[in-house]
Amino acid sequence: MVTVKEGTRPPWVGLGAAVWVQIAAGNAYNFPLYSHSLKSVLGFSQRQLTMLGVANDIGENVGLVPGIASNKLPPWMILSIGAFACFFGYGVLWLAVSRTVLSLPYWLLWIALCVATNSSAWLTTAVLVTNMRNFPVSRGTVAGILKGYGGLSAAVFTEVYSVLLRNSSSKLLLFLTLGVPLLCFVMMYFVRPCTPATREESTERGHFLFIQAASVVVGLYVLTTTILDDSFSLSAPITYSFVIIMVVLLMAPLAIPLKMTLYRKRVGSSGNLNNGDSNADETEPLLKSSMSTASLGSFREGNDSSSDIAMLLAVGEGAVKRKRRPKRGEDFKFTEAVIKADFWLLFLVYFVGVGTGVTVLNNLAQIGIAQGTHDTTILLSLFSFGNFVGRLGGGVVSEHFVK
C-alpha cells in the first residue's frame, strides 16, 4: 500500500524534485551529441546509425509498461527501474565508445540504446502521474510545466556537455551512466503521493505562474549562454559560473515550499469557517431520513416493487454505486480509453507531430555536418528551446480551455 504524505508543502516539494527528474529524463535527446562518435569511432555506416536512431526513438516512446506499472507500484520503484535501465544501457554504450571493451556486436549496442532511452519513459511516467494526482485541479498546468522542463533538458545537457565535459562523447555517456541514476536515487524520496487539494487555492495560481516564469528564464538563459560560449573564447571561470547559475535557476521551484516554511499561513477565520462547514455537514446531511421515508411512501403508493425501492434508496444514500463509464476529463483505464475516438485522435496527432521532430533530432548532427557545422550544440539548444516553448504553452492553453 502506497503511503500518502499529508500537508500543503509536500506536493510542492515533490514538484520541485520532479523538475530535476524531468531534466534527467531528457537523456534521449542527447543522441545528436554522441552519434558522430558512434559513426567515427566504431566505424558505423549512415544506415547503421539511422537504425540506432530508431532504437533511440523506440526506447524513449514505448511507455505502455511504465504506465501500467504506475498503477501497481509506488513512484520510488518506477524511478528505480528507470535508473537501472539508464545505468546498464548507457554503460554498454560507454564501454564501446571509450574502447574499454572492443568488438561489441551491433545488435547488443542496439538493444543497449533502446534500454537506455526507455529510462526516459519510466522517469517521466513516475513524476507525471504522481504530480498530476497531487494537483488534480491543475493537471494541464502541471503537465505543461514538467513536459516543458523535459523539453528544456537537451539545452541543459548541451551546457554540461560543452562546459564541463569539453565536448567529449565518452565523458557524456559516462555522465549519463552514473549521474542520472544518482540523481534519481536522491530525488525519489521527495517524489511521492500526497494528499491532493480538492479545490484550487488562492495562492496556487501564483505559485504556478512563478514556476512557469522561472522555466522561461532558464530556457532563455541556457540558450544565451550556449551561444556566447560558442561565439566567444570565454575563460574557464566564466563558463563554470554559467553552469552554477543554471543550477540555481533550476532550483527555483523549491522556493515555493521554502516560502511556505518560513511564512506559515495563520489559521484564523478560515479555521472557524472550516469548523462551521463541518457543523453544517453534521446538522444537515445530504439525504435526510425523513426524505427517505417520504420517498418510500410515495413509491409504495405507485405499487413499485420493494426491491426496486430499496435499491434506489441505497443508490441515493451512497450505499450502492452504479457503474458508469468515465466521462471526458476523468480517469480512464487503458481498456476504457482505447475504445474512445479521443484516444486515437491524440495518438494520430502525437505520431505525426512528434514523429517529424524526432526525425530531425536524430539526424541533427548529420544536418549540421552537411551544412559545414561540426559543432551541433547551438542547433540542439535551439531545438530544445523550441521544444520547451511548445510543451509549456500547450499545458497553459489546454488548462485554459479545459477550465
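This report walks through some helix pairs, a surface patch, a loop and a few residues of a predicted model.

## Helices that pack together

Let's begin with the helices. Two packed helices are described by the angle between their axes and the distance between the axes. Helix H1 covers residues 9–25 and helix H11 covers residues 255–262. Their axes come within 8 Å of each other and cross at roughly 155°. That makes H1 and H11 roughly antiparallel, because an angle over 145 degrees counts as such. The crossing of H1 and H11 is left-handed.

Helix H1 also packs against helix H8, at an angle of about 160° and with 10 Å between the axes. H1 and H8 are therefore roughly antiparallel to each other. As H1 passes H8, the crossing is left-handed.

A further pair is made by helix H7, residues 139–163, and helix H10, residues 236–250. The H7 and H10 axes lie 10 Å apart, and the packing angle is about 155°. With that angle, H7 is roughly antiparallel to H10. Here, too, H7 and H10 make a left-handed crossing.

## A nonpolar patch on the surface

Now turn to the outside of the model. Which residues form a nonpolar patch on the surface? They are Phe 84, Phe 87, Phe 88, Leu 174, Leu 178 and Phe 185. Together, these residues have about 570 Å² of accessible area.

Two helices contribute to this patch: H5, which spans 75–97, and H8, which spans 169–187. Each of them supplies at least two of the patch residues. Leu 178 is a good one to find in the structure, as its place is in helix H8. With a relative accessible area of 49%, Leu 178 is partly exposed, because exposed residues need over 50%.

## The loop between H7 and H8

The loop between H7 and H8 holds two residues with a notable backbone angle, Arg 166 and Asn 167. Most residues other than glycine have a negative phi. Arg 166 is not a glycine, yet its phi is positive, at about 55°. Asn 167 is not a glycine either, and its phi is also positive, at about 60°.

Are these loop residues buried, exposed or in between? Arg 166 counts as partly exposed, at 46% relative accessibility. Asn 167 is partly exposed as well, with a relative accessible area of 39%.

## Residues brought together across the sequence

Some residues can be followed both along the chain and through space. Take Leu 95, which is found in helix H5. Along the chain, Leu 95 and Ser 170 are 75 residues apart, while their C-alpha atoms are separated by 8.6 Å. Leu 95 has a relative accessibility of 27% and counts as partly exposed.

Thr 130 offers another example, and its place is in helix H6, residues 106–134. How far apart are Thr 130 and Val 191 in space? The distance is 7.3 Å from C-alpha to C-alpha, although 61 residues separate the two in sequence. Is Thr 130 buried or exposed? Thr 130 is buried, with a relative accessible area of 6%, because values under 20% count as buried.

Note on methods:
Residues are numbered from 1 along each chain as its sequence is written. This is a predicted model: local features need pLDDT of at least 70, side-chain atom pairs count only at pLDDT 80 or more; totals for chains, interfaces and linings use all residues. Side-chain values use heavy atoms; hydrogens and water are left out. Patches are made of residues with over 30% relative accessible area and no salt bridge: like charges are joined within 9 Å, nonpolar side chains (Val, Leu, Ile, Met, Phe, Trp, Tyr) within 5 Å. Accessible areas come from the Shrake-Rupley method with a 1.4 Å probe; for residues, only the protein chains shown count as cover. A salt bridge is a side-chain nitrogen of Lys or Arg within 4 Å of a carboxyl oxygen of Asp or Glu. Helices (H or I, at least four residues) and strands (E, at least two) are DSSP runs, numbered from the N terminus. Buried means under 20% relative accessible area, exposed over 50%, partly exposed in between (1.4 Å probe, protein chains only). Axes are lines fitted to C-alpha atoms, for helices over the stretch in contact, and angles run from 0 to 180 degrees between N-to-C directions. Angles under 35 degrees count as roughly parallel, over 145 as roughly antiparallel, 65 to 115 as roughly perpendicular and the rest as oblique. A crossing is left-handed if the near helix is turned anticlockwise from the far one by less than a right angle, and right-handed if clockwise.
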